[in-house]
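I open this notebook to record what I looked up, step by step, with the sequence and the model side by side.

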Amino acid sequence: MSTLTETTFKRIADIARRRWGLSLGERKMQLVANRLTSHLRKAGGGEIEDYVLRLERNPTEEDMLVLFDILSTNVTSFFRDPAHFAFLERELYAGLAKGTLALPGKRLRIWSAACSIGAEPYSLAMQVLELLPSSLGYDVKILATDLSNKALTGCREGVYTETQLTGLSPERRARFLKKVDPPKGATGTATHTPMWRVTDEVRRIVEVRRQNLVEPYTGLGPFDVIFLRNVMIYFDRDTRREVVMHMHGVMRPGSILAVGSAETLSGLDVPLRGAAPGMYLR
Ligand SMILES: C[S@@+](CC[C@H](N)C(=O)[O-])C[C@H]1O[C@@H](n2cnc3c(N)ncnc32)[C@H](O)[C@@H]1O
């Protein structure tokens, strides 16, 4: 099996930038080489060069999604960056619950853009269920989108290991998760890894869909809250600005945008104002 040359890496980086806005610096070359080699080995062998030629000349949509999964990272966790959830509690749910704030049409629309395997949208859903009294009669929908097959499958299943649940308090685990039968191993016997499934109460308000963040957001919005966290770090500056401007187009006036703790909108010249670290208002 061939190794990944610098020229071939640049051709892959070019596909990633044009299709998904991903900016693959040279630091990523070894990682991409390892992942490509492992993918080709599992697929029965073949040369990296032939694989890349096929992607350039005649790719199917599925070929491209497989490449996207090879190149992208789905790291996530429940209630990641708790300050963002505290901000929502303070600035949104407290007012809604007290009646000092109301949303038009009694509709609350939240978008977890780049939702990975679901920890983020399900955390948002748990928070709504905890803080927004059902007696207020709000119609709540949380849209969870990603591009990755792996992420969308994980998010739709909503089944997690103990390790993936790190960050969830015992109270939340008791209220929002149910133990499920462990999956069967290769021999047909049950493995011993305990698995937990997000309850129907939580899943009911989350809709999972595919969306490439650098393609038009047709039919989406307007939203009251958007979580766009830990994905802009993979984009170059122009793509970041373009994506945030598209987000702005689907944000209701007064709505909230959260970005990851290592991300900022400063210097992007976008019409959103900072309200707290990582939190912006339209
Ligand atoms: C590191 S995860 C962040 C997950 C979650 N937002 C969080 O903060 O925990 C980044 C996610 O962005 C997704 N992603 C990257 N580029 C994307 C694009 N162009 N369109 C949609 N999703 C993208 C990846 O598939 C991955 O699931």
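**Entry 1: a cis peptide bond in a loop**

I began with Pro 222, which lies in the loop between β6 (206-210) and β7 (223-228). I looked up the peptide bond that leads from Gly 221 to Pro 222, and I noted that this bond is cis, with omega near 0°. I remind myself here that the whole model is predicted, and that the values in my entries are to be read with that in mind.

**Entry 2: the loop between β1 and α6**

Next I went to the loop between β1 (107-113) and α6 (119-131), where Ala 114 is found. I checked the backbone angle phi of Ala 114 and wrote down a value near 70°, which is positive in a residue other than glycine. Ser 116 is found in the loop between β1 and α6 as well, and its phi is near 50°, again a positive value in a residue other than glycine.

Are these residues buried or exposed? For Ala 114 I found 26 C-beta neighbours inside 10 Å, so it counts as buried, given that 20 or more are needed for that label. Ser 116 is buried because 26 other C-beta atoms lie within 10 Å.

**Entry 3: the shell around the ligand**

I then turned to the ligand and asked which residues are the closest to it. The shell has 24 residues, and the closest are Thr 76, Ala 114, Ser 116, Ser 148 and Asn 230, so that two residues from my previous entry, Ala 114 and Ser 116, came up again. Sorting the shell by residue type, I noted 10 nonpolar, 10 polar and 4 charged residues. I also looked up where the shell comes from, and it draws at least three residues from each of domain 1 (6-71) and domain 2 (82-281).

**Entry 4: the two domains**

That made me look up the domains themselves: the domain assignment of the protein chain gives domain 1, residues 6-71, and domain 2, residues 82-281. Their C-alpha centres lie 29 Å apart. How many residues does the contact take from each domain? I wrote down 7 residues from domain 1 and 12 residues from domain 2. On the side of domain 1 that touches domain 2, helix α4 (residues 61-71) gives the most, with 3 residues. The residues on that side of domain 1 divide into 4 nonpolar, 2 polar and 1 charged.

**Entry 5: two glycines**

I picked two glycines to look at one after the other, beginning with Gly 154, whose place is in helix α7 (residues 149-157). Gly 154 is buried, because 22 other C-beta atoms lie within 10 Å. Leaving out residues up to four places away in sequence, Gly 154 touches Ile 117 and Gly 118. I also looked up its distance to Ser 116, and although the two are 38 residues apart in sequence, their C-alpha atoms are 7.8 Å apart in space.

Gly 254 is found in strand β8 (residues 251-259). Gly 254 is exposed, because there are 11 other C-beta atoms within 10 Å, and a count of 12 or fewer earns that label. With residues up to four places away in sequence again left out, Gly 254 touches Leu 281 and Arg 282. Between Gly 254 and Phe 223, which are 31 residues apart along the chain, I noted a C-alpha separation of 10.0 Å.

**Entry 6: strands that pair with β5**

I followed strand β5 (residues 195-198) and found that it pairs with strand β3 (residues 159-161) in the antiparallel sense over 3 bridges. In this pairing Val 159 stands opposite Arg 197 in β5. Strand β4 (residues 177-180) also pairs with β5 in the antiparallel sense, over 4 bridges, and there Lys 179 stands opposite Trp 196 in β5.

**Entry 7: the chain as a whole**

Last, I stepped back and counted the elements of the protein chain, which has 10 helices and 10 strands. Its radius of gyration is 20 Å, close to the 19 Å that the globule rule gives for 282 residues, so the chain is as compact as a globular protein of that length. Taken along the principal axes, its C-alpha atoms fill a box of roughly 65 × 55 × 30 Å. Buried residues make up 32% of the 282 residues. Of the contacts with a separation of 6 or more, 73% are between residues 24 or more positions apart.

Note on methods. Residues numbered from 1 in each chain as written. Predicted model: local features only at pLDDT ≥ 70, side-chain atom pairs only at ≥ 80, totals over all residues. Domains from an automatic or database assignment. Nonpolar A, V, L, I, M, F, W, Y, C, P; charged D, E, K, R; others polar. Near = placed C-beta within 6 Å. Rg over C-alpha atoms; globule rule 2.2 N^0.38 Å. Pairing = 2+ DSSP bridges.
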